[in-house]
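Visitor: I should like to go through this model and ask how each label is justified. Please set each value against its criterion.

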Amino acid sequence: MAEAATGLDLGHVAALLAAGVVAVPIFRKLGLGSVLGYLAAGVAIGPFGLALFREPQTILHVAEFGVVIFLFIIGLEMRPKRLWGMRREIFGLGSAQVGLAGLALTGVAMAAGVSAPVAFVGAMGFVMSSTAVIVQMLEERGDLPTPSGQRAVSILLFEDLAIVPLLAIVALLGAFPWACGRE
């Protein structure tokens, strides 16, 4: 098992797939959803379970690849005409959710004594949702084509778009140490 901490071989890939293949159907049958099934599979084969993987970083690239492929599939299913029809919800609801939630969380952090730039960065990290996880949950529940499901997708799409300017703001804050209270 020394290999588990340093690399990923075919046995580890098989263990990942087997854990998912076993756990996900069980959790779906229980009505708990595939997301919880994958979480339980990770706990079972991770350092606090069977210890097939002692370091989560061992499989980080596999996990990132899975999320990228899932987002790619979501993109394949999006029709440009449908996106254009959702533009008001994307920019209206999405910007309202990101702006208001970010403002509220920044205010809470500042009230707790955190500096404004640090509070903003932390708040925006909490505001962003995982498109891959939420779309999967909406799809499993059959809510994706419903009006509320479409509103949720609109907000998620805006969050995905907002990442770029938020990363630029974080980079600017990092470039000016005085802005974060560091000198």
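Visitor: How many residues does the protein have, and what percentage of them count as buried?

Guide: This is a predicted model. The protein has 183 residues, and 29% of them count as buried. Its accessible surface comes to about 11,700 Å², with 73% of that belonging to carbon and sulfur atoms.

Visitor: What makes up the pattern of the protein along the sequence?

Guide: The pattern reads α-α-α-α-α-α-α-α-α. It reflects nine helices and zero strands. Among contacts between residues at least 6 apart in sequence, 63% join residues at least 24 apart.

Visitor: Why is Ser154 called buried?

Guide: The label requires a relative accessible area under 20%. Ser154 has a value of 0%, and therefore Ser154 is buried. Ser154 lies in helix H9, residues 147-175. Beyond its neighbours within four places in sequence, Ser154 is in contact with Met86, Glu89 and Ile90.

Visitor: Is Met128 buried or exposed, and how do you know?

Guide: Met128 has a relative accessible area of 17%. The cut-off for buried is under 20%, so Met128 counts as buried. Met128 is found in the loop between H7 and H8. Leaving out residues up to four places away in sequence, Met128 touches Val98, Glu159, Ala162, Ile163 and Leu166. The C-alpha atoms of Met128 and Ile155 are separated by 9.8 Å, although these residues are 27 apart along the chain.

Visitor: Which residues have the most contacts inside the largest nonpolar core?

Guide: They are Val98, Met124, Met128, Val153 and Leu157, in a core of 16 residues. Helices H6 (87-111), H7 (116-127), H8 (131-141) and H9 each give two or more residues to this core. The largest share, six residues, comes from H9. A second, separate core has five residues, including Ala19, Ala41, Ile45 and Phe53. As a general matter, nonpolar side chains in soluble globular proteins tend to be buried together.

Visitor: How do you know that the buried residues of H8 are on the same side of the helix?

Guide: The buried residues in H8 are Thr131, Ala132, Val135 and Leu138. They cover an arc of only 135° around the axis, and therefore lie on the same side of H8. In general, an α-helix has 3.6 residues a turn, so residues three or four places apart point the same way. Just after H8, Gly142 takes a positive phi of about 80°.

Visitor: What is the phi of Ala51, and where does this residue lie?

Guide: Phi of Ala51 is near 60°, a positive value in a residue other than glycine. Ala51 lies in the loop between H3 and helix H4 (60-77). The relative accessible area of Ala51 is 17%, under the 20% cut-off, so Ala51 is classed as buried.

Visitor: Why is Leu30 called exposed?

Guide: Exposed means over 50% relative accessible area. Leu30 has 59%, so Leu30 meets that criterion. Leu30 is found in the loop between H2 and H3.

Visitor: Which residues make the nonpolar surface patch?

Guide: The patch, of about 570 Å², is made by Val22, Ile26, Leu30, Leu32, Leu36 and Leu39. Helix H2 (10-29) and helix H3 (34-45) are the elements that give two or more residues to this patch. Membership requires over 30% relative accessible area. Leu30, at 59%, therefore satisfies that part of the definition.

Methods
Residues are numbered from 1 along each chain as its sequence is written. This is a predicted model: local features need pLDDT of at least 70, side-chain atom pairs count only at pLDDT 80 or more; totals for chains, interfaces and linings use all residues. Side-chain values use heavy atoms; hydrogens and water are left out. Patches are made of residues with over 30% relative accessible area and no salt bridge: like charges are joined within 9 Å, nonpolar side chains (Val, Leu, Ile, Met, Phe, Trp, Tyr) within 5 Å. Accessible areas come from the Shrake-Rupley method with a 1.4 Å probe; for residues, only the protein chains shown count as cover. A salt bridge is a side-chain nitrogen of Lys or Arg within 4 Å of a carboxyl oxygen of Asp or Glu. Helices (H or I, at least four residues) and strands (E, at least two) are DSSP runs, numbered from the N terminus. Buried means under 20% relative accessible area, exposed over 50%, partly exposed in between (1.4 Å probe, protein chains only). Contact means heavy atoms within 4.5 Å. A nonpolar core is a set of buried Ala, Val, Leu, Ile, Met, Phe, Trp, Tyr and Cys residues joined through side-chain atoms within 4.5 Å. The arc is that of the directions from the helix axis to the C-beta atoms.
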